[in-house]
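User: I am new to this structure and would be grateful for a close look at one part of it, namely the aromatic rings and what surrounds them. Please give a connected account and then place it beside the helices.

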Amino acid sequence: MNYSGAQHGAMSLAAASSSKYSQEQLEALEACYERNSQPSSQEVKALASETGLTQAQCRAWLQYQRKKRKKNVLENQSESLYKEIKLLVEDLGRAKERNAALLTENKALRRNVEDFCNVADGEGAAEEEEPTLGTAAKRPRTMAADASPGSEQTQDPLAAIKAALLRPPAGASSTVSKPLDVNNVDVSGQIASNAGDHVKRASRVVTRVLQGEGKNTQVQDAVLHSQEAQQVRAVMFQSENPMDIITVLMKSLDDIVGDKGKTAQQKEQEVGPLLDSFVKAELAIKDAQLSTRKKLAGQLPLLPRKRDPAAVLQPDLHVRSESVMCIFNMSYLGYAERSLCLMGEASLYALFVQAYDLINLEEPIPFDQIMLMHKFREDLKKQETELVCKFEVGFHLPYAFVERHRDASVRSHVESVLATSAEDTSALMIETMEGAVKVYKEGIAKCYEKLPPLLCARIFLAMHKVKQILRASDGFYQLLVK
């Protein structure tokens, strides 16, 4: 009977897998396979002589082992990929559940806001030009009685607050971020989007500088810094990068990562000690910055002082830092760098998103590393979302409100909420900043521990570049008020 080549190969493999070999023969075959899974003809001949088998039997056994082990590897990879996809699906499900819970919490917070609208704030009405939350609550009833049919006057008790949250600050320029949306629970996503807008503007600033324009000359884009903001920023910068440690480490990492004469393995070996030094230095710097913020917060009032009506005639100081709430919002920084702010600390999620985009522009990322970065990014966002939720529950206040703490209508509401708090609000604010720093530090440590060294180095380099770009943009528009 005649057999085709495929049938013959299948029978040979079956024979190789089912034949009974002695223990000595199996040991010799396995030893040969471990040395070389595809031995030469001379090696097969020597193996046949050693085991007493024919060369065909030896080749069949080796071929069967190759196919068997390859199948095992593929099955393991498929199982690993399936588990990864399953985890991502589960994370997505949990994210949807958290989003639903946060939406419910947001509705409750808005009901609290409506309740506060029924309380008049006589002091705020006397001292501020804009209507306070209390008068805004009362006014619709009067308007309803006097308004003629077809009148465009609104009866929404939240109208003053909505308008305050939507309008830009007085005298605001194109360099100012758009305010956070009180109805959007994805605070980290909004911060990342605002930071992305500023990175794009900053790239245009770099172009202008390269074209020979040293400083901004457009009055409408100038950002004024008060002496107070300058002093607070100087104090914060003293604890940020002592002796330029971070700058030196970043330069060394950049040299290694960009060296085309070294293999990936060589680069990973060299960046390891530098990454370890960077993480230790970064965590120590964050502790020092937090300590400085706490000291500053202990010397400042909770909210900025109410401005003298005569100050309306003076240029608006866009960058001021005169209260705990200012420290909480990083008001001592320019608008570009401040766009990363999440409760007194930079949002690591927003920073990571910008770094991810920057890395993609420089060099495509392999799929397996994209999966790792995706999971790390979602973990960051989850932690920051929980932090925001905890803040909103503790303060009974949407996070978007604190960003606009200088606005008269929003300030009136913030004062009402803080006045009803049973806890020490300043202490609670400091505790919240401590939580934000903890999330940042844990994220940096996990990036170092979970991601491959070379990828981790690229991420840290990109994040450093993003911060430098944003800071350069602020310097371009900055004017100091003397």
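Analyst: The account below begins with the aromatic rings and then turns to two helices.

The model is predicted, and the values that follow are computed from it.

How many aromatic pairs does the count come to? The count comes to six aromatic pairs. One of them joins Phe328 and Phe391, whose rings are stacked, with 5.7 Å from centre to centre and 25° between the planes. Because Phe328 belongs to helix α12 (residues 324-328) and Phe391 to helix α15 (residues 367-395), this pair ties together parts that are 63 residues apart in sequence. Phe328 is buried, at a relative accessible area of 0%. Phe391 is likewise buried, with a relative accessible area of 2%. Buried here stands for a relative accessible area under 20%. A second contact to consider is the aromatic pair of Phe476 and Tyr477, which is edge-to-face: the centres are 5.2 Å apart and the planes make an angle of 85°. Both Phe476 and Tyr477 are buried. Ring pairs also link Phe328 and Phe391 with Tyr399, so that a cluster is formed by Phe328, Phe391 and Tyr399.

Charged side chains also meet aromatic rings. The charged end of Lys286 is placed over the ring of Tyr440, at 4.4 Å from the centre of that ring. Arg471 lies over the face of Phe237, and here the distance to the ring centre is 4.5 Å.

An aromatic residue also takes part in a feature of the surface. Phe367 joins Leu81, Ile85 and Val89 in a nonpolar patch there, and together these residues have about 410 Å² of accessible area. Helix α4 (residues 55-116) supplies the largest share of the patch, three residues. Val89 is located in helix α4. With a relative accessible area of 55%, Val89 is exposed.

Helix α3 (residues 41-51) completes the account. Its buried residues are Val44, Leu47, Ala48 and Thr51. These buried residues lie on the same side of α3 because they cover an arc of only 100° around the axis. In an α-helix there are 3.6 residues a turn, so residues three or four places apart point the same way. Gln42, Lys45, Ser49 and Glu50 are exposed on the other side of α3. After α3 comes Gly52, with a positive phi near 80°.

Key:
Residues are numbered from 1 along each chain as its sequence is written. This is a predicted model: local features need pLDDT of at least 70, side-chain atom pairs count only at pLDDT 80 or more; totals for chains, interfaces and linings use all residues. Side-chain values use heavy atoms; hydrogens and water are left out. Buried means under 20% relative accessible area, exposed over 50%, partly exposed in between (1.4 Å probe, protein chains only). Helices (H or I, at least four residues) and strands (E, at least two) are DSSP runs, numbered from the N terminus. The arc is that of the directions from the helix axis to the C-beta atoms. Patches are made of residues with over 30% relative accessible area and no salt bridge: like charges are joined within 9 Å, nonpolar side chains (Val, Leu, Ile, Met, Phe, Trp, Tyr) within 5 Å. Accessible areas come from the Shrake-Rupley method with a 1.4 Å probe; for residues, only the protein chains shown count as cover. A salt bridge is a side-chain nitrogen of Lys or Arg within 4 Å of a carboxyl oxygen of Asp or Glu. Rings of Phe, Tyr and Trp (its six-membered ring) pair if their centres lie within 6.5 Å; planes under 30 degrees apart count as stacked, over 60 as edge-to-face and the rest as tilted. A charge sits over a ring if NZ of Lys or CZ of Arg is within 6 Å of the ring centre and within 35 degrees of the ring normal.
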